[in-house]
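I sat down with this model and a cup of tea, and kept notes as I went. Here they are, one entry per thing I looked up.

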Amino acid sequence: MPKDTKPTLTPQITARLVEVVGTKAVSTSLSDLDFYSADALDRIRAFSAAHLLETMPDVVVTPESTDQVAAVVRIANEEKIPIVPYGAGTGVMGAAVSINGGIVLNMARMNRILDVSPDNMTATVQAGVILGDLDRELQRQGLMLGHDPWSVPIASVGGAIGTNGVGYRARKYGPMGKQVVALEVVLPNGSVIRTLPVAKVAGPSLKDLFPGAEGVFGVVTEATLRVFAQPEERQFRSYSFPSFEDGFAAVQELTRLGIRPALMDLSEEWGRGTDQNSNEAHEISLTLVFEGFSEGVAAESSRTQQVCIANNGEDQGEHPAQQHWEFRHQMAYRYKERLQRQSGRYRRERGWGQLMDYLHVSLPASQVVDFYRWSKDIIAERGLGLYEASIWGDSELFSLMFGDPSENDPTGQLPRTSDEILMKAQDLGGSMEYCHGVGVKLLHLMEREWGAGGQVMQALKGSLDPANIMNPGKLGL
Ligand SMILES: Cc1cc2nc3c(=O)[nH]c(=O)nc-3n(C[C@H](O)[C@H](O)[C@H](O)COP(=O)(O)OP(=O)(O)OC[C@H]3O[C@@H](n4cnc5c(N)ncnc54)[C@H](O)[C@@H]3O)c2cc1C
């Protein structure tokens, strides 16, 4: 939807919205418009997309039922007003930012847990439920969620589906999309579809159109998620390695053997300001958490010990992994506190306030070591500092955190280097982002990412949403 053709929200349209959801659920107050204008992407990290964060929605609508969502979407479709689903606004790529104004559909009141079925091993919830709230309820019933991102205490089920996020237990249970059994979705014309709540269906799986779609194909109103029994046993193991290559060889061998700890994090960390080409003052550690039935945990853990030692690993005991596990949600609690105090403008302008970037690319496993070496060299060549290189979950999922140690990047090397690294991943047959989505930050690389598949996506978008009202522009659609 080009900006100059953006329809305005007239008082008549606002009145129609009020009729559907009630006065209290429609807000045009400046403070609400400001709050819902931002997610967790700040201008500093948005780089060339920073200008897109300047935009504001025209109205915030907070429905409480699928019927209300459907009615609001029908109005948006008839009036050709952009509509952006907003989960908890913790996305770090700007996917929930209303770059064309219009309606923010705040899902916060759709926060009911509708059913927990220990027999089916599923939970059915409204999309605005916070992951941590759902997990707490499941724990009471001897169950747990498989999706466990850092942001578990603050992110919503709908947002985790919209971004197809990756969490701490992804090695064992997969990304969020893999845990979706069925969805109820309001399509851009306001009709409601429900996919079947079973493990496998005849024909292509319709529910798989929505994870990672950033709300462009419809609003997820309810989700049936796979849930898991709380483990009989949990074991923590930590190993250090003399090189990233040794650690990666161990990870590859675990993959070959089919060993799937819940958490697997191979991480090489440098203190800020240290020389990443020196072998000193930095650590390469493999953090593992095994969980499940006792005999399975014992067998996986003991074979892992052999694999790590055979690849020059040194056993560091339980403690580092246990600490990692216990503190894994701390950053989200800190963010939650800030969120309660900060306006949208503050989050957008100041955000984390650090001149750094973190990239999460997925690559054929055979390319990971060369890519790691290449990235390290290019970051050093550009005078930037590499803070962390890691494998999170699967051998194919490689992350980098780097920045300008002087914190001012006068020559703009950081955005250029980020793009170069992301394009290199694409050129090697990989994807530029496996964890956080595209949002506005990576829009400029999306055509490259899609390749010819982009035409298929455009055709799907065009037929489902001919007026282009659902989160228009996102994913480059
Ligand atoms: C401190 C911190 C730690 C984080 N750690 C992780 C991590 O470990 N792993 C990870 O994957 N991410 C992480 N994130 C990013 C973020 O939490 C995830 O992307 C999360 O899934 C977003 O959920 P949300 O509810 O905040 O979604 P939002 O940011 O509100 O929305 C994200 C996208 O989903 C769409 N959307 C939201 N609700 C719906 C719906 N009902 N129907 C259709 N589309 C919808 C939005 O339009 C938008 O495109 C972290 C963020 C922070 C701030």
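**Entry 1: the ligand shell**

I began at the ligand and asked which helices and strands line it. Strand S3 (83-86), helix H6 (157-163), strand S10 (219-229) and helix H11 (330-341) each bring at least two residues to the shell around the ligand. I kept in mind that this is a predicted model.

Which element gives the most to the shell? I found that H6 does, with five residues.

I then counted the surroundings: 38 residues surround the ligand. The closest are Gly 87, Gly 158, Gly 159, Gly 162 and Gly 165.

Sorting the shell by character, I got 21 nonpolar residues, 15 polar and two charged.

**Entry 2: domains**

I looked up how the chain is divided, and noted domain 1 (3-108 + 458-466), domain 2 (110-229) and domain 3 (233-326). Where does the ligand lie relative to domain 1 and domain 2? Both of these domains give residues to the shell around the ligand, so the ligand lies between them.

Next I checked how domain 1 and domain 2 meet. Their C-alpha centres are 22 Å apart. In domain 1, 21 residues are in contact with 27 residues of domain 2. On the side of domain 1 that touches domain 2, helix H4 (66-79), S3 and H16 are the elements that give two or more residues. H4 has the largest share of that side of domain 1, six residues. I also split that side of domain 1 by type: twelve residues are nonpolar, five polar and four charged.

I jotted down a link here: S3 supplies residues to the ligand shell, and S3 also gives residues to the side of domain 1 that touches domain 2.

**Entry 3: helix H16**

Since H16 had come up, I checked its length. Helix H16 (residues 453-464) has twelve residues and, at 1.5 Å a residue, should span 16 Å. The C-alpha atoms at its ends are 17 Å apart, which agrees.

Is H16 mostly buried or in the open? The number buried among its twelve residues is one, so H16 lies largely in the open.

**Entry 4: the whole chain**

I stepped back to view the chain as a whole. Its secondary structure comes to 16 helices and 17 strands. Taken along the principal axes, the C-alpha atoms fill a box of roughly 70 × 60 × 45 Å.

I compared the radius of gyration with a simple expectation. For 477 residues, a compact globule would come near 23 Å, and the chain has 22 Å, which agrees. Of the 477 residues, 46% count as buried.

I also looked at contacts between residues at least 6 apart in sequence, and 75% of these join residues at least 24 apart.

**Entry 5: two positive phi angles**

Met 121 caught my eye, with a positive phi of about 55° although it is not a glycine. I placed Met 121 in the loop between strand S5 (113-117) and strand S6 (122-126). It has 15 C-beta neighbours inside 10 Å, so Met 121 counts as partly exposed.

Glu 214 also has a positive phi, near 55°, and is a residue other than glycine. I found Glu 214 in the loop between strand S9 (192-194) and S10. Buried or exposed, I wondered about Glu 214? With 26 C-beta neighbours inside 10 Å, Glu 214 counts as buried.

**Entry 6: Phe 248 and Ala 365**

I looked up Phe 248 in helix H8 (residues 244-257). Phe 248 has 23 other C-beta atoms within 10 Å, so it is buried. Which residues does Phe 248 contact, leaving aside neighbours within four places in sequence? They are Leu 266, Val 368, Val 369 and Ile 391. For scale, I took Phe 248 against Ala 49: they are 199 residues apart in sequence and 34 Å apart in space, C-alpha to C-alpha.

Last came Ala 365, in the loop between strand S15 (356-362) and helix H13 (368-381). Ala 365 is partly exposed, with 17 other C-beta atoms within 10 Å. Not counting residues up to four places away in sequence, Ala 365 touches Gln 252, Ser 395 and Glu 396. I checked the pair with Gln 252: Ala 365 and Gln 252 are 113 residues apart in sequence and 8.2 Å apart in space, C-alpha to C-alpha.

Notes: Residues are numbered from 1 along each chain as its sequence is written. This is a predicted model: local features need pLDDT of at least 70, side-chain atom pairs count only at pLDDT 80 or more; totals for chains, interfaces and linings use all residues. Helices (H or I, at least four residues) and strands (E, at least two) are DSSP runs, numbered from the N terminus. The expected span of a helix is 1.5 Å times one less than its number of residues. A residue is buried if 20 or more other C-beta atoms lie within 10 Å of its own, exposed if 12 or fewer, and partly exposed in between; C-beta atoms are placed from the backbone. A residue is near a molecule or strand if its C-beta atom, placed from the backbone, lies within 6 Å of it. Ala, Val, Leu, Ile, Met, Phe, Trp, Tyr, Cys and Pro count as nonpolar, Asp, Glu, Lys and Arg as charged, and the others, Gly among them, as polar. Domain bounds come from an automatic or database domain assignment. Two residues are in contact if their C-beta atoms, placed from the backbone, lie within 7 Å. The radius of gyration is taken over C-alpha atoms; the globule rule is 2.2 Å times the number of residues to the power 0.38.
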